Amino acid sequence: MTRNAQPKASHFINGRYVEDTDGDALTCIYPATGEEVARLHKGTPAIVEQALAAAQAAQAEWAAMTGTERGRILRRAADIIRERNRDLSELETLDTGKPLQETLVADATSGADALEYFGGIAASLGGEHIQLGGDWAYTIREPLGVCVGIGAWNYPTQIACWKAAPALACGNTMVFKPSEETPLCALKVAEILVEAGAPPGVFNVVQGAGEVGASLVGDERVAKVSLTGSVPTGRRVYAAAAEGMKHVTMELGGKSPMLVFEDADIDDAVSAAINGNFYSSGQICSNGTRVFVHKDVLEPFLSKMAERLKGAVMGDPLDEATNFGPMVSERQMQIVLGYIDKGKAEGARLISGGNRADRDGWFVEPTVFADVTDDMTIAREEIFGPVLSVLSFETEDEALKRANATPYGLSAGVFTKDLARAHRVAAGFRAGTCWINQYNLTPVEVPFGGVKMSGVGRENAKAAVEHYSQLKTVYVGMGPVEAPF
Ligand SMILES: NC(=O)C1=CN([C@@H]2O[C@H](COP(=O)(O)OP(=O)(O)OC[C@H]3O[C@@H](n4cnc5c(N)ncnc54)[C@H](O)[C@@H]3O)[C@@H](O)[C@H]2O)C=CC1
């Protein structure tokens with residue numbers, strides 16, 4: 001397999017690849033080896049202008065198509081993505097370093113799921129009729145206009161599709177800016193949408209870092225901004241959008257709890273903790289990084305976990321036998337290693353891992369700390385790497401209080417065989433998504449998003465439609481108009 005992932009050009013605007021070599025260089029590094037696999041350019045003001053003008057020009061025609069027609073295009077794009085899943089997954093692996101074993105099942109395929117789902121409901125979106133005695137009113141569901149999508153680097157294809165699919169289904173157009181760490185796969189989504197029949201300008205991709213994102217968010221033609229990123233960036237983008245009274249969806253970070261009660265199936269709980277901490281090398285916003293284990297099952301939990309970690313296979317992510325890849329960048333690796341040092345310095349007990357792996361690329365060993373207390377840095381801050389903190393608890397009340405004692409509120413999980421307790425705890429969690437005896441599954445049919453500092457709005461499911469459309473109310477007078485004088 002070739003390690004050259006060079007796209008035809010850096011940006012995709014108005015139905016075609018576009019280059020502007022005046023833009024600063026944007027190099028794409030394969031995180032498993034450090035080698036350069038593509039070189040692009042960041043968007044210049046001229047590129048940003050072209051993209052916004054194209055999206056604006058395309059919007060009326062796109063919105064005038066029937067939902068059935070728009071939906072058919074999205075569903076066709078989903079089919080093409082599935083047909084090319086292997087190529088797209090290999091590209092995603094080169095861009096992110098995530099094992100091919102993962103990208104084959106969780107990236108392009110999840111993007112296709114979103115395009116299929118929103119393609120399927122596009123024809124049924126509409127308003128309602130409200131009878132008011134003799135008079136009546138109806139609502140029209142209208143698109144917002146030009147939407148901006150801004151992505152993080154952990155799930156580039158999925159994020160592009162999770163934003164594009166509902167936006168386009170509702171009749172909006174989009175300018176999408178991928179993370180500067182992972183610019184490649186959104187270009188493929190744009191290419192495929194055009195191949196599936198989307199008119200030029202409906203979905204555009206512009207590369208760049210924060211400045212390019214900020215110039216998109218600040219433009220008065222933009223009606224809505226959807227960001228997947230960190231809380232500090234979310235604050236900035238939300239504030240900039242508020243200046244123009246723009247709609248926002250903020251999918252931000254987390255420090256989610258997973259509660260393992262004494263009656264839980266410990267093997268399942270360990271599996272879930274592995275999925276919720278080491279999949280994508282821990283670079284998942286909804287990860288359950290604070291695992292609260294009841295004191296009576298703490299030692300069996302830790303010993304089973306240590307045993308299972310022996311099954312982690314570090315290697316070339318393009319080899320399908322590899323199930324544990326590197327961090328996306330050297331910078332992210334250094335951040336994670338810094339947190340591991342803090343964990344050690346603040347007195348957490350290292351059960352396994354704890355170091356950079358002795359190999360090329362930006363690998364950090366899967367790391368488990370026990371005896372973690374609520375005040376330790378590793379229990380409070382989002383690490384976004386393969387670092388699992390185990391805390392112990394004695395009562396349900398105590399566990400729930402401690403689980404909720406965080407500014408974040410993205411996700412939470414509970415493992416118990418006691419059904420009443422499972423639902424009671426789920427009701428008590430202050431989080432946008434809760435799992436009972438499961439963790440980190442995010443099918444497109446269910447809403448996903450956070451509370452508190454973890455975000456605003458919801459992606460996926462019918463809920464996303466509310467965030468990509470607005471209602472116009474039309475009141476219909478059927479009788480004479482009464483007036484006081
Ligand atoms: N809740 C969710 O659905 C998810 C949240 N995340 C969060 O994303 C973070 C990791 O991703 P990163 O790429 O490091 O996040 P980041 O916040 O550094 O960057 C996110 C995106 O925002 C852009 N950006 C930065 N400053 C901007 C500005 N002033 N205006 C407009 N755009 C700007 C970046 O170029 C990038 O495309 C983690 O905190 C993680 O929890 C990641 C995946 C999913």
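A residue counts as exposed if 12 or fewer other C-beta atoms lie within 10 Å of its own, and as buried if 20 or more do. Keep that cut-off handy for the exercises below, and bear in mind that the model is predicted.

**Exercise 1. Work out whether Ala239 is buried or exposed, and place it in the fold.**

Start with the element: Ala239 sits in helix α9. Next, take the neighbour count, which is 10 other C-beta atoms within 10 Å. The limit for exposed is 12 or fewer, so Ala239 is exposed. For a bit of context, pick Lys188: 51 residues separate Lys188 from Ala239 in sequence, and their C-alpha atoms are 31 Å apart in space.

**Exercise 2. Find out how enclosed strand β17 is, and which strands pair with it.**

Go residue by residue through 411-415 first. On one side you have Ser411, Gly413 and Phe415, on the other Ala412 and Val414, and all of them are buried. That's five of the five residues, so β17 is largely enclosed by the rest of the structure.

Now for the partners. Strand β12 (residues 257-260) pairs with β17 in the parallel sense, over three bridges. Here Phe415 of β17 has Val260 opposite. Strand β18 (residues 433-436) also runs parallel to β17, this time over four bridges. In that pairing, Gly413 is bridged to Trp435 of β18.

Last step: look at the connection from β17 to β18. Helix α15 (residues 419-428) joins the two strands in a β-α-β unit, and the unit is right-handed.

**Exercise 3. Describe the shell around the ligand and say where the ligand lies relative to domains 1 and 2.**

Begin with the residues. The shell has 29 of them, and Gly210, Gly213, Gly229, Thr233 and Cys285 come nearest. The elements giving two or more residues are α8 (210-217) and α9 (231-243). Of the elements, α8 contributes the most, with four residues.

Then check the chemistry: 11 shell residues are nonpolar, 13 polar and five charged.

Finally, bring in the domains. Domain 1 (11-253 + 454-472) and domain 2 (257-436) both supply shell residues, so the ligand lies between them.

**Exercise 4. Characterise the stretch that UniProt lists as an aldehyde dehydrogenase domain.**

The record, an unreviewed entry, gives residues 18-474 for "domain: Aldehyde dehydrogenase". Over that span, helix accounts for 40% and strand for 20%. To finish, take the C-alpha atoms at the two ends of the span: they lie 42 Å apart.

Definitions and conventions: Residues numbered from 1 in each chain as written. Predicted model: local features only at pLDDT ≥ 70, side-chain atom pairs only at ≥ 80, totals over all residues. Pairing = 2+ DSSP bridges. Right-handed = clockwise from strand over helix to strand, strands pointing away. Near = placed C-beta within 6 Å. Nonpolar A, V, L, I, M, F, W, Y, C, P; charged D, E, K, R; others polar. Domains from an automatic or database assignment. UniProt positions renumbered as here; feature names shortened; annotations may be inferred.
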